[in-house]
Each structure stands twice: as structure tokens, then as C-alpha cells.
Amino acid sequence: MFSKILLLAAFVAVAFADERYGYEAEEEYGHDPQPYHFGYHVKDHHGEQHREEASDGAGNVKGSYGFVDEKGIHREVHYVADDKGFRAEIKTNEPGTANQQPASVGFHSNAHEYLQFHDDIPEPHQGGYFR
């Protein structure tokens with residue numbers, strides 16, 4: 001019985017604490033979206049990486065990122081996020097890729113061009129490079 005009274009007292013204390021000391025997150029943290037822009041480019045003995053993104057402050061974001069490795073394999077992704085959702089366009093020569101449109105993402109591959117000039121790429125197994 002004592003444990004039930006203690007449990008009830010704890011619930012009452014939490015309820016009163018929430019009313020007196022609680023806060024509305026929107027009141028304290030309700031900032032309007034702000035425009036922003038950032039980016040970087042890194043180049044070293046392993047290859048290159050880059051990223052750039054910008055927002056207009058109204059919920060619309062555009063950006064890109066990508067890499068090129070020491071063997072010339074590359075991927076570049078351009079994307080937009082707005083009231084129509086997220087949309088991306090990918091350009092690559094990564095082995096095992098092909099042109100396709102999964103989930104409204106344009107995937108443009110020229111992997112066959114890379115394979116014609118590089119003998120160090122293993123032959124794919126049935127169903128792709130990975131099992």
C-alpha cells in the first residue's frame with residue numbers, strides 16, 4: 001500500500017512540475033530558418049573529396065558532394081530538397097553500376113568506360129560484385 005501511495009505522489013509531483021516549470025519549445029527555440037552556405041574541397045594522395053550545400057532559409061536546399069579516388073573512380077551527387085521532396089542526380093563510373101532511376105534518383109553510370117581501361121577490376125560474380 002505504501003508503494004502505491006509513493007507512486008501516486010511521484011506522478012502528482014511530476015504533473016505539477018511540468019505545469020509550473022515546463023516550457024514550450026516553440027517559444028524558447030522558435031527561430032525562423034536562416035539562409036546558409038558551406039562547402040569544402042580536400043585533395044590528398046588518396047584522391048579528392050568535395051561538398052557544397054546552400055539553403056535559401058525557406059526550407060529549400062541545394063547541394064552536391066563527391067569524390068575521385070587514386071584510380072580514377074568517381075562519384076558526384078547533385079541534390080535538391082524542397083516542398084517537392086528530395087531529388088538527386090548521381091554521376092559515376094564505379095564498377096558494378098548501371099544507368100537506372102530507383103526512387104526518383106537519376107543514376108548515370110559510365111562504369112563500362114572505366115572497365116575498358118583498367119585491368120585491376122575483378123570480374124563480377126553472378127548478381128554483382130557483392131554477395
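Me: Which residue of E6 does Glu-89 stand opposite?
Reply: Happy to start there, keeping in mind that this is a predicted model. Strand E5 covers residues 85–92, and five bridges join E5 to E6 in a parallel run. Across that pairing, the residue in E6 that stands opposite Glu-89 is Gly-106.

Me: Is E6 mostly covered or mostly open, and how many of its residues are buried?
Reply: Buried here means under 20% relative accessible area. By that cut-off E6 counts as mostly covered. The number of buried residues in E6, out of five, is four.

Me: In what order do the six strands of the open sheet lie?
Reply: Good one to settle early. The sheet is open and its pairing is mixed: E5 and E6 run parallel, whereas E4 and E5 run antiparallel. The order is E1-E2-E3-E4-E5-E6.

Me: Why is one side of E1 and of E6 left without a neighbour in the sheet, and which residues make up these strands?
Reply: Both strands stand at the edges, and each has a single partner strand, so one side of each lacks a neighbour in the sheet. From one strand to the next, the twist averages 5 degrees. The edge strands are E1, residues 36–44, and E6, residues 105–109.

Me: What is the bridge partner of Gln-49 in E3?
Reply: Let's look at the pairing of E2 and E3. E2 spans residues 47–55 and E3 spans residues 61–69, and nine bridges hold them in the antiparallel sense. In E3, the partner of Gln-49 is Phe-67.

Me: Which residue in the turn between E3 and E4 has a positive phi?
Reply: E4 takes in residues 74–82 and is joined to E3 by eight bridges, running antiparallel. One bridge pair there is Ser-64 with His-78 in E4. The two strands form a hairpin with four residues between them, and the turn residue with a positive phi, about 95 degrees, is Gly-72.

Me: How many residues lie between E4 and E5 in their hairpin?
Reply: These strands run antiparallel and are joined by eight bridges. Val-80 stands opposite Arg-87 in E5. In the E4 and E5 hairpin, the number of residues in between is two.

Me: Which residues form the largest nonpolar core?
Reply: In soluble globular proteins, nonpolar side chains tend to be buried together. In this model, the largest such core has seven residues, and E4, E5 and E6 each supply at least two of them. One member, Val-105, touches Ala-88, Ile-90 and Gln-100, leaving aside residues up to four places away in sequence. The core is made of Val-61, Val-77, Tyr-79, Ala-88, Ile-90, Val-105 and Phe-107.

Me: Are the rings of Tyr-36 and Phe-38 stacked or edge-to-face?
Reply: Ring centres within 6.5 Å make a pair, and planes under 30 degrees apart count as stacked; by this rule there are three aromatic pairs. Tyr-36 and Phe-38 have ring centres 6.3 Å apart and planes at 20 degrees, so they qualify. Tyr-36 is partly exposed at 35% relative accessible area, and Phe-38 is partly exposed at 33%. Their arrangement is stacked.

Me: Which residues do ring pairs link into a cluster?
Reply: One of them is also in the largest nonpolar core, namely Tyr-79. Ring pairs link the cluster of Tyr-65, Tyr-79 and Phe-86.

Me: Over which residues does pLDDT stay under 50?
Reply: For the protein chain, the mean pLDDT is 77, and 62% of residues reach 70 or more. The stretch under 50 has 12 contacts beyond four places in sequence. That stretch is residues 121–131.

Key
Residues are numbered from 1 along each chain as its sequence is written. This is a predicted model: local features need pLDDT of at least 70, side-chain atom pairs count only at pLDDT 80 or more; totals for chains, interfaces and linings use all residues. Side-chain values use heavy atoms; hydrogens and water are left out. Rings of Phe, Tyr and Trp (its six-membered ring) pair if their centres lie within 6.5 Å; planes under 30 degrees apart count as stacked, over 60 as edge-to-face and the rest as tilted. Buried means under 20% relative accessible area, exposed over 50%, partly exposed in between (1.4 Å probe, protein chains only). Two strands pair if DSSP finds at least two bridges between them. Axes are lines fitted to C-alpha atoms, for helices over the stretch in contact, and angles run from 0 to 180 degrees between N-to-C directions. pLDDT is the predictor's confidence in each residue, from 0 to 100. Contact means heavy atoms within 4.5 Å. A nonpolar core is a set of buried Ala, Val, Leu, Ile, Met, Phe, Trp, Tyr and Cys residues joined through side-chain atoms within 4.5 Å.
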